[in-house]
Amino acid sequence: APVTPTLLYLDDITVSFDGFRALNSLSLAIDHAEMRAIIGPNGAGKTTMMDVITGKTRPDQGTALFEGSHDLTVLDEAAIAELGIGRKFQTPTVFEMHSVEDNLLLAIKDKRGPFLTLFSRRTTLERERIEVLLERIRLTAHRYRKAGELSHGQKQWLEIGMLLAQEPKLLLIDEPAAGMTDQETADTAELLRDIAKTKAVVVVEHDMTFVRDLNVKVTCLHDGSVLAEGSLDAVSANERVVEVYLGR
Ligand code: ADP
């Protein structure tokens with residue numbers, strides 16, 4: 001039987017800024033429909049790793065493959081997005097003046113441009129896709145509200161919905177729970193677990209309560225490489241991890 005290659009495969013990735021190694025022989029593998037939490041103190045290299053995966057930063061050395069054959073170290077950002085890698089930054093960037101529905105529609109029809117998208121009739125297929133997305137991000141009851149009127153947490157979910165509209169295979173999400181209430185944080189964990197049933201998700205997160213809610217394998221980065229990997233309990237009991245976080 002044919003072997004399905006690992007969805008995302010990073011090996012021996014090194015990135016230097018003026019001789020300083022932001023990533024130092026980093027290796028990481030993410031499977032299809034796997035969710036992984038990336039933790040690590042400030043400066044560990046988490047952002048730089050995301051930048052390498054999305055083509056924003058070119059590594060000096062190492063392998064970065066998507067679906068076993070696409071070389072992420074030579075493709076540009078647009079080509080990598082086209083492969084099905086979507087990234088969500090910490091600050092939500094929704095169209096505040098437009099309804100929740102229209103934000104999703106804009107994301108579905110990204111390539112047609114906003115003008116034609118908003119002022120054309122919706123197809124049946126588009127209406128169906130919007131329904132599914134609204135359910136998934138728990139905003140069905142808020143579909144006609146302007147995005148600008150949503151709570152911080154709801155805006156984050158809308159942006160996740162806008163990413164999903166582009167049907168990525170891998171979602172990279174930076175601190176989704178930052179600034180959320182306890183209830184929103186718990187709901188976000190459930191939402192991401194739901195998404196991860198069919199898509200791979202990599203979440204960079206500082207909030208360990210949230211990481212526990214995610215209930216997934218954890219990778220702890222430090223000084224640009226992997227310090228520990230495993231369950232949250234195993235990683236948080238790791239002596240080197242404790243030393244790094246306590247700064248001893
Ligand atoms: P994290 O996201 O885990 O906090 P980063 O990937 O942002 O870590 O940064 C890793 C290290 O690389 C830090 O010490 C940071 O100062 C350095 N760094 C990141 N980007 C640049 C850059 N463009 N130029 C110089 N140094 C950088």
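Here are legends for three close-up views of this predicted model.

**View 1. A look at His32 and the residues around it.** H32 sits in the loop that links β2 (20-30) to β3 (35-39). Is H32 buried or exposed? It's somewhere in between: H32 has 15 C-beta neighbours inside 10 Å, so it counts as partly exposed. If you skip the neighbours within four places in sequence, H32 is in contact with T4, L7 and A200. Take L7: it lies 25 residues from H32 in sequence, yet the two C-alpha atoms are 5.4 Å apart in space.

**View 2. An open sheet made of 6 strands.** Follow the strands across and you'll meet them in the order β6-β7-β8-β3-β9-β10, with mixed pairing. At the edges are β6 (85-88) and β10 (225-230), each of which pairs on one side only. From one strand to the next, the twist averages 20°. Now zoom in on β10 and its partner β9 (residues 217-222): these two pair in the antiparallel sense over 5 bridges. Here you can spot H222 standing opposite S225 in β10.

**View 3. The shell of residues around the ligand.** Which residues should you look for around the ligand? They are F17, F20, A22, G40, N42, G43, A44, G45, K46, T47 and T48. Sorted by character, the shell has 4 nonpolar, 6 polar and 1 charged residue. Both β2 and α1 (46-53) supply at least two residues each, and α1 gives the most, with 3.

Methods. Residues are numbered from 1 along each chain as its sequence is written. This is a predicted model: local features need pLDDT of at least 70, side-chain atom pairs count only at pLDDT 80 or more; totals for chains, interfaces and linings use all residues. Helices (H or I, at least four residues) and strands (E, at least two) are DSSP runs, numbered from the N terminus. A residue is buried if 20 or more other C-beta atoms lie within 10 Å of its own, exposed if 12 or fewer, and partly exposed in between; C-beta atoms are placed from the backbone. Two residues are in contact if their C-beta atoms, placed from the backbone, lie within 7 Å. Two strands pair if DSSP finds at least two bridges between them. Axes are lines fitted to C-alpha atoms, for helices over the stretch in contact, and angles run from 0 to 180 degrees between N-to-C directions. A residue is near a molecule or strand if its C-beta atom, placed from the backbone, lies within 6 Å of it. Ala, Val, Leu, Ile, Met, Phe, Trp, Tyr, Cys and Pro count as nonpolar, Asp, Glu, Lys and Arg as charged, and the others, Gly among them, as polar.
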